[in-house]
Amino acid sequence: MQSISAVSEASDGAIYEGVHVSLVPAPIWKRTLAYSVDMAIVTCVIYALVIVAAIAGGLSAAFVAALIKGTGAGKGLSFGIIFIMAVFLLVILAFYHGYFVYYESKKGFTPGKKLFGLQVVSLKGSRLTTGQCFLRDMMRYVDAMMILPGLFAMLLTEKSQRLGDLMAGTLVVHSQHQESASNFLYMKQDDYLYYREKWNVTIVPLDIARRYLEFAYPVFCQGLELRDYNLLDQWQQVSLNYVHPSGPEPIEQMTLLTFFAELCFQTVQESQRRKP
Amino acid sequence: MSDPLIPPPVQMNQTPPTIVRTTVGVPRANKPGGFWRRFLAHFVDGIIISIALLPITFGARIIAALISGHQTGVAVGVTVLAMLIQWGAQAIAIYFYYGYFYSTKGATPGKMLLSMKVLSSETGTYLTYGQTFLREFVGKVILGALTLGIGYIVAGFREDKKGLHDIVFKTQVIVQEQQ
């Protein structure tokens, strides 16, 4: 009986008390992409802030000008505008740094890092402290200076750390398990891996996988109404050719069929991924 | 080869599993992705692509300006050429960015942030590079321009939230439950 490798297993990490832990340094291109996603989010919010600030700034400048009529008007107006600009700049900077420090200290990853399965961990063996996050965040300015010392540091150090990581004693790791969590359509990744281990599974031929997906996608993914309930029994019979549950406890039909759908989905995706 | 739908005979040494029919374990349906959600995702993707293309757009314009100098005829020609280069770069960027993310993860970063996925509504799988290019470039850039953006707005009013590019190239955007 051949076993299949529909998903690349979490071979890069170990499981401690049900939590996948990885200590593989993250590849640079993934970190770059994650950072650009984060910057896109920050930029979106800053765009919104610019619009609000332009309206509020214009109104308040007009208000100030109306208050100080006469000789001081021009001076007061320009002072008001400079004041608003300064406050606005501070708000943008606070948001930019607050975003990274908040997410990294609270969860260990920003939304962008989460998409690519990256996580910041401390090399000291304890939880990340807010101080460490703040330090590595502030070092971004040094890392992004003219000749990109951060890039060279990442290329040269063994654990692919930039200067901010070296200063704060942190490391960015990549976990395949975390990254592929969003690639599961019909069940959660952990459930899928659990059933795949529990039930003996053999390779599903591609044509059958595709035919089953054509049936399963509207019913299980989009939730469209099923016309012919006999099809469920028919596909159950088919699925038992490739999934061999053993043991006395009864199995729910829906669990079997959704698991088979996920298995077919992963099989088809894997075959498409191998193609150039 | 025999019809795959006909099961092989049950092996006698193996007891067949008991299977019960219950409504437990029925997967919840994924809703189609709505207009504003997709708009926001598109915004994020647009920023990422524009950051990536910044050197090319900027460089092409600067070089065009340097070459043309004060001659009007040359300036027009070179500017048109620079714009063509920009469009070409945009098409290539769309092909690789959307193609890579749609075929491996089913969603671009913008869509992933808002937990959406693009699937082929015929086969229920992720799109391939070719399908992605048809949907993103032919469907969105060309058809979208030809229909003055009405192709996008259609998505807001349909029950399955399909825009013109989804209808023509048979794709569907779904909102995935948080995992």
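**Entry 1: strand S3 of chain B**

I started with B:Ser120 and looked up its bridge partner in S4(B), which turned out to be B:Thr171. The model I am reading is a predicted one, so I keep that in mind throughout. I then followed the pairing along the strands: S3(B) and S4(B) run antiparallel and are joined by five bridges.

Next I checked how well S3(B) is covered. Five of its five residues are buried, so the strand is largely enclosed by the rest of the structure. I sorted the side chains by face, and B:Met116, B:Val118 and B:Ser120 lie on one side. B:Lys117 and B:Leu119 lie on the other, and these are buried too, lysine included.

**Entry 2: the rest of that sheet**

I wanted to see what else S4(B) touches. S2(B) runs antiparallel to S4(B), residues 171-175, with two bridges between them. Here I noted one pair by name: B:Pro32 has B:Ile174 as its bridge partner in S4(B).

Put together, the three strands of chain B make an open, antiparallel sheet in the order S2-S4-S3. S2 (31-32) and S3 are the edge strands, each pairing on one side only. I found it handy that S3(B) is an edge strand and still has five of five residues buried.

**Entry 3: a look across to chain A**

I turned to chain A for its own strands. My count card reads twelve helices and seven strands for this chain. Of its 276 residues, 46% count as buried. I also looked up the contacts between residues at least 6 apart in sequence, and 72% of them join residues at least 24 apart.

In chain A, I picked strand S4, residues 170-174. Five of its five residues are buried, so S4(A) is largely enclosed by the rest of the structure. A:Thr170, A:Val172 and A:His174 point one way, while A:Leu171 and A:Val173 point the other way. The partner strand I looked up is S3(A), residues 118-122, which pairs with S4(A) in the antiparallel sense over five bridges. Within that pairing, A:Val121 is matched with A:Leu171.

**Entry 4: two residues with positive phi**

Back in chain B, I checked backbone angles. Most residues other than glycine have a negative phi, so I wrote down two exceptions.

B:Ser115 has a positive phi of about 45°. I found this serine in the loop between helix H3 (109-113) and strand S3 (116-120) of chain B. B:Ser115 is buried, at a relative accessible area of 12%.

B:Leu148 has a positive phi of about 55°, and it is not a glycine either. This leucine sits in the loop between H4 and helix H5 (150-157) of chain B. Is B:Leu148 buried or exposed? I got 73% relative accessibility, so B:Leu148 counts as exposed.

**Entry 5: helices H2 and H4 of chain B**

Last, I looked at H2(B), residues 72-104, against H4(B), residues 129-146. Their axes are 8 Å apart and the packing angle is about 130°. That makes H2(B) oblique to H4(B). I noted the crossing of H2(B) and H4(B) as right-handed.

For the contact itself, I listed residues on each side. H2(B) brings, among them, B:Ala91, B:Ile94, B:Tyr95 and B:Phe96. From H4(B) I wrote down several, including B:Tyr129, B:Phe133, B:Arg135 and B:Glu136. By class, the contact of H2(B) with H4(B) has eleven nonpolar, three polar and two charged residues.

Definitions and conventions:
Residues numbered from 1 in each chain as written. Chains lettered and ligands numbered in written order. Predicted model: local features only at pLDDT ≥ 70, side-chain atom pairs only at ≥ 80, totals over all residues. Heavy atoms only, no water. Axes fitted to C-alpha atoms, helices over the stretch in contact; angles between N-to-C directions. Helix = DSSP H or I, 4+ residues; strand = E, 2+ residues; numbered from the N terminus. Parallel < 35°, antiparallel > 145°, perpendicular 65-115°, else oblique. Left-handed = near helix turned anticlockwise from the far one by under 90°. Contact = heavy atoms within 4.5 Å. Nonpolar A, V, L, I, M, F, W, Y, C, P; charged D, E, K, R; others polar. Buried < 20%, exposed > 50% of the residue type's maximum accessible area, 1.4 Å probe, protein only. Pairing = 2+ DSSP bridges.
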